[in-house]
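Subject: Handover of a structure, with notes

Dear colleague,

I am passing on the structure below, and my notes on it follow. Please read them with the structure open beside you.

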Amino acid sequence: MSDKAIIEVNGERIELPIEIGTEGEKAIDIKKLRVLTGGLITLDPGFKNTGSCKSKITFLDGEKGILRYRGYALEDLAENSTFLEVAYLIIFGELPTKIEFDKFIKTIKSYTMINEEMKDIIDGFPKSAHPMGILSSLTSALTAFNPQSVNIEDEEEMYQAICKTLAKIPVLAAWAHKKNLGEPLNYANNQVGYIENILEMMFKIPTEPYKPNPIVVNALDQLLILHEDHEQNCSTSTVRLVGSSHAGMFASISAGVSALWGPLHGGANQAVIEMLEDIAKDGGDVEKYINKAKDKNDSFRLMGFGHRVYKNFDPRARIIKKSADEVLADLGIEDPILEIAKKLEKVALQDEYFVKRKLYPNVDFYSGIIYRALGIPTEMFTVMFAIGRLPGWIAQWREMRLNNEPIGRPRQLYVGEKLRKFVPINKR
Ligand code: SDX
């Protein structure tokens, strides 16, 4: 296949270079399209056919259901690594040596304190505030206490900022949960591991000792690995776009948290459980909901199904489905919602509507069932997704800045009014 694309515009042949990626993916480079064609642009709502950047971080093959972080298969990492080790890999590009990993953990622990004045901000929220809204606000507020923007060219300064972010966001996430409960906020506990600390900050109460169940720790560690990056999804693209204006990392990540909150994106894990609970209340009639999802006059969608890239099983959904069975069995939990999810999946995957559109369960379809089993409340599911996605957001923001990418500013096709004169109000 030639490494050029040819388009004809007003009888003139225009050659555009084709770039080829590591795994053979091909992209038409349209950087010079407007210049070569006298102003022609492309139009692609939702960027379904448009690549925003080149990246070395994550490789997805939607047709084959492949997901790799820095060349390592997700299944390999989920089986053999830990959330923080994979975070190091995703951010810095290589698995850490023991010395590098020990330094990483130590540096993160040096930043787990949060300025006490942040408590005045969280006090301003009503108890009923959604934890994603609290997290997005508190993340942005971190800028107030870390006003100096990171010098991206200074490796050590960037390293410290990365560790600070990985240290503080989980604390703020746990504070959002405690705010909803009306319970005292916990400080981080540097004597325990990263995942244990998240669970302790979320569940420890001053009157009782707390030690997380190792089954819960391992299940959460693996679940968060599965969420760490996913190339140019909506929230990551948001982090890149905000960061492209040279806004700080906290401000960019705060915007990513808001984008992730949407029910079409990370908010789907909460929406899936709410949907399954509705089906359970409705007598478990999955066919009724499948028909609602197929009905064009009904806005209802089968939450946790479908994906912009995967036109095959989401590899994360496969792992999570298997893990859900194991975790519930290990914890001795019978959750009728899991059986409804499996029945819904079975019926949907035999239905022409879903088969024709290649709609399979995605990462959000089963994850909520595990979060429930771990004792995490539904409104915190997307916060857990944000904690999981944090290393990816950091890595993608850093890559975009190190590549010195231009500020993101898409074009548009104007279809509004032509020029018209102002009419004074007494003449309208
Ligand atoms: C995440 O991008 C990422 O990588 C995201 C993510 C990550 O890790 O960052 O993987 C995480 O966000 C997973 C997706 C979570 N969202 C949901 O589960 C919400 C339900 N799913 C859909 O809303 C939808 O599938 C999307 C948003 C995920 C993808 O939408 P697209 O790619 O824009 O596809 P589309 O809306 O154009 O759908 C194509 C067709 C349409 O039907 P037709 O017009 O062709 O007749 O499929 C239908 C849609 O109506 N369809 C669904 C459906 N999803 C798509 N019909 C019923 N139920 C659904 N869930």
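Which of the 25 residues around the ligand come nearest? They are His230, Arg301, His307, Arg308 and Arg316, where a residue counts as around the ligand if one of its heavy atoms lies within 4 Å of it. Before going further, please note that this is a predicted model, in which local features need pLDDT of at least 70 and side-chain atom pairs count only at pLDDT 80 or more, while totals for chains, interfaces and linings use all residues. Residues are numbered from 1 along each chain as its sequence is written, and side-chain values use heavy atoms, with hydrogens and water left out.

Three arginines make polar contacts with the ligand (pairs of N or O atoms within 3.5 Å; within protein, one must be able to donate a hydrogen and the other to accept it, and residues adjacent in sequence count only if both atoms are side-chain atoms). A polar side-chain atom of Arg316 lies 2.6 Å from a ligand oxygen, the corresponding distance for Arg308 is 2.7 Å, and for Arg389 it is 2.8 Å.

The second largest pocket (on a 1 Å grid over the protein atoms alone, an open set of points where a 1.4 Å probe fits, with protein on both sides within 12 Å along at least five of seven lines; lining residues have an atom within 4 Å of a point) holds about 720 Å³ of space, a volume being the space filled by probe spheres set on the points, which are joined across faces, edges and corners. Of its 39 lining residues, Thr82, Val217, Asn218, Asp221 and Gln222 are the closest to its centre. Helix H9 (214–225) gives the most to this lining, with 8 residues; helices are DSSP runs of H or I with at least four residues, strands are runs of E with at least two, and both are numbered from the N terminus.

Asn146 sits in the loop between helix H6 (131–145) and helix H7 (155–181), and Asn146 counts as buried because its relative accessibility is 13% (buried is under 20% relative accessible area, exposed over 50%, partly exposed in between, with a 1.4 Å probe and protein chains only). The side chain of Asn146 reaches the backbone oxygen of Leu142 at 2.8 Å.

Finally, most residues other than glycine have a negative phi. Arg70, in the loop between strand E5 (66–69) and strand E6 (72–73), has a positive phi near 50°. Asn404, in the segment after helix H18 (381–402), has a positive phi near 55°, and with 63% relative accessibility Asn404 counts as exposed.

Best wishes
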